[in-house]
Amino acid sequence: MFRLAQLWRTTTVRLTALFMLIFVIFAVVLLGLITWQTSVQLQRQQTDAIDRESMQIKQMDSDSGFRATIIAVQRLASQPGPGIYYLADPAGQLLIGNVTDLPPEVLAEPGTYSFNYAKPRPFDDPEPDDAGTAQRQGYAVVRSQKLASGLILVVGRDVVERRGFTAIVLQWFAVGAGGILLFSLVAGVLTAVRVLRRIDTISSTSNKIMSGNLSERVPVTGRNDEFDALATNLNLMLDRIEQLMQGMKEVTDNVAHDLKTPLTRLRNKAESALRDGQNEATRKQALETTIEESDKLIKTFNALLMIARAEAGTPSGALSEIDLSAVVLDVAELYGPLAEDQGLALETDIDEGVRINGNRELLGQALVNLIENALKYYEPSEGKAGLIKVSLKRAGARVRIEVTDNGPGIPAEDRGRVVERFVRLEKSRTEPGSGLGLSLVAAVAQLHKGELRLEDNAPGVRAVVDLPG
Amino acid sequence: MKILLIEDDREAASYLIQALDEAGHIAHHASDGETGYAMASSMDYDVLVVDRMLPRRDGLSIIESLRAEDNRTPVLILSALGEVDDRVTGLRAGGDDYLVKPYAFTELLARIEVLARRSSPAEAATSFEVGGLALDRLSRKVERDGEVILLQPREFRLLEYLMKNAGKVVTRTMLLENVWDYHFDPQTNVIDVHMSRLRAKIDKGHANPLLHTIRGAGYMIRD
């Protein structure tokens with residue numbers, strides 16, 4: 001179960017709370033506006049009514065005399081409702097009306113007044129008033145004036161009823177607002193719990209991964225929502241990490257094999273030189289071999305590092321636009337004389353102006369490795385001239401570097417396995433220094449989002465580095 | 001030649017100092033960055049050999065400070081970081097050459113001697129001459145004893161580099177770096193083949209050879 005504090009920290013609940021706050025502020029402002037407008041309207045209506053009645057009675061008084069006035073006021077005063085009527089003689093003595101005890105200034109001076117007053121309880125009101133009195137508090141807005149007959153007329157309205165109406169509007173508004181608040185709170189918590197559950201799944205998966213189980217993956221629900229997108233991306237990232245870890249492990253294994261074996265050899269040689277090293281010439285010979293061996297070691301180590309870096313993917317800055325045609329031409333030209341000396345012809349077929357986004361050094365090294373392989377496995381035989389062809393072709397969006405030879409080649413059943421082995425870096429390393437060349441080529445191709453393929457050249461091998469242009 | 005070696009590995013340093021001494025140079029040693037910087041800026045050296053990772057102050061910052069003070073002494077950077085990016089950073093900081101550890105002493109010595117020449121006007125010369133062999137950088141013409149020798153563009157650049165450093169050993173790696181602009185070790189004798197072709201063109205039919213192979217080190221052009 002989720003604790004409240006945890007819930008409160010979720011974005012969903014916080015957002016819900018924020019929206020609720022905004023809603024409440026909006027509702028209060030709206031409510032205030034409505035109440036104010038209602039009250040203003042009601043007040044205007046009442047004032048209009050008061051003015052109208054006052055004018056009518058005043059007119060009647062001047063037209064028909066005070067008797068008609070008394071009858072009219074009596075009729076008005078006897079009607080139920082918020083009306084307040086009070087007719088007094090010139091001395092201020094009540095003649096007729098539905099209220100008593102007006103403040104003295106109302107009668108003394110004509111004008112508009114508002115005041116608290118004691119309201120007589122209507123006879124049909126079944127509710128006994130508190131303190132047992134037959135009256136209750138009212139708030140009146142009145143207008144007093146002297147009539148032509150000398151009588152004093154006070155016409156007004158009780159505003160408590162008007163206020164009551166406003167109160168009812170307010171009350172229902174509050175109920176509505178409360179309902180919405182409650183609803184959004186529940187909805188917010190429910191959403192938050194759902195979101196938290198999804199996030200908890202991701203967190204617990206990453207915890208499992210951190211505790212060492214790299215094969216664990218975040219479940220994808222198939223709802224195709226943003227959480228699925230996140231989970232898919234996380235899984236892709238995990239795949240990459242696992243791949244890198246695997247690569248790292250392979251590098252470590254390779255280092256162990258490729259460096260420990262020659263190191264042991266080195267040590268053995270030094271030991272045996274010490275043992276039977278009375279002869280100066282033997283000792284010199286042993287030392288020279290030692291240096292040679294350590295140079296080989298350094299080369300192997302460099303190659304391993306290069307492969308590891310290429311496989312890990314170098315920072316994006318390491319790839320830049322290069323003239324691949326020039327690279328291929330340079331390397332072919334570098335090796336041409338050597339091939340010739342070894343009795344092979346090195347032919348080139350290079351498309352001009354092929355530019356790709358790449359790493360010049362690594363591509364150059366990869367091509368060197370392919371050519372050196374072709375040279376290394378060439379077997380001179382009667383009636384057959386050795387031929388190495390280096391070509392660079394652009395075909396649509398792809399760029400192909402090919403190094404073909406007409407040497408012994410790789411048996412068909414082994415070819416797939418051999419390529420597989422490069423990628424997995426599990427090459428046989430019976431011959432020192434021969435195990436890493438193609439692995440590096442494969443890693444370089446991979447770094448450039450391409451691949452290395454070995455095909456049958458019948459006879460010989462066609463090594464293809466297929467790169468995106 | 002007066003050389004300052006700034007290197008924190010004492011064993012490697014004492015070996016280098018002794019070897020440089022045997023090669024006829026005066027070598028001073030500083031074992032940390034601050035001392036090295038103080039020595040480099042207060043004394044006059046022909047070449048500085050600076051390790052990249054040093055205690056108290058790193059090698060690149062020493063070079064940057066020296067360059068900021070308009071100290072133009074050639075600098076050879078030694079580093080275990082051998083990626084192209086690392087090399088570019090090192091040269092951009094003001095280094096003149098970059099050698100990745102581990103290295104052979106002959107390689108280091110050859111580079112130091114070539115570097116020291118940089119301060120001489122050979123870099124800007126438009127033509128070179130060694131024992132009757134003349135190379136004109138502008139007309140790209142090569143002659144020996146008045147006889148024109150036709151060279152491929154790459155052979156011309158090889159010879160140009162050798163003649164610019166006439167009398168000095170240049171290693172195979174230096175040739176690969178300066179003539180082909182690649183920084184890996186050629187696995188086979190690929191450079192030697194180019195050199196023997198060049199030799200065939202310039203020395204064939206002449207009594208005194210100019211292009212010499214220096215065993216265990218590289219090549220040299222001299223009288």
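This is a short chat about a predicted model with chains A and B.

Reader: Hi! How many residues does each chain bring to the contact?
Author: Happy to help! Chain A brings 15 residues and chain B brings 16 residues.

Reader: Which helices of chain A each supply at least two residues of the side that touches chain B?
Author: Those are α7 (280–312), α8 (324–341) and α9 (360–376) of chain A. The most comes from α8(A), with seven residues.

Reader: And what's that side made of, by class?
Author: On the side of chain A that touches chain B there are seven charged, six nonpolar and two polar residues.

Reader: Switching topic: where in chain A is confidence lowest, and where highest?
Author: The lowest is helix α10 (residues 412–424) of chain A, at a mean pLDDT of 55, while strand β10 (residues 398–405) of chain A is highest at 91. Chain A averages a pLDDT of 79, and 87% of its residues score at least 70.

Reader: Which stretches of chain A have a pLDDT below 50?
Author: Residues 129–134 of chain A do, with six contacts in the model beyond near neighbours in sequence. Residues 420–432 of chain A do too, and that stretch has 19 such contacts. Where pLDDT is low, the predicted coordinates should not be read in detail.

Reader: Good to know. Over in chain B, at what angle do α6 and α8 cross?
Author: Helix α6 (residues 153–164) and helix α8 (residues 190–203) of chain B cross at roughly 85°, and their axes come within 11 Å. So α6(B) and α8(B) are roughly perpendicular to each other.

Reader: Which residues make that contact?
Author: From α6(B) they are B:E155, B:L158 and B:L159, and from α8(B) they are B:H194, B:L198 and B:K201. By class, three are nonpolar, two charged and one polar.

Methods
Residues are numbered from 1 along each chain as its sequence is written. Chains are lettered from A and ligands numbered from 1 in the order in which they are written. This is a predicted model: local features need pLDDT of at least 70, side-chain atom pairs count only at pLDDT 80 or more; totals for chains, interfaces and linings use all residues. Two residues are in contact if their C-beta atoms, placed from the backbone, lie within 7 Å. Helices (H or I, at least four residues) and strands (E, at least two) are DSSP runs, numbered from the N terminus. Ala, Val, Leu, Ile, Met, Phe, Trp, Tyr, Cys and Pro count as nonpolar, Asp, Glu, Lys and Arg as charged, and the others, Gly among them, as polar. pLDDT is the predictor's confidence in each residue, from 0 to 100. Axes are lines fitted to C-alpha atoms, for helices over the stretch in contact, and angles run from 0 to 180 degrees between N-to-C directions. Angles under 35 degrees count as roughly parallel, over 145 as roughly antiparallel, 65 to 115 as roughly perpendicular and the rest as oblique.
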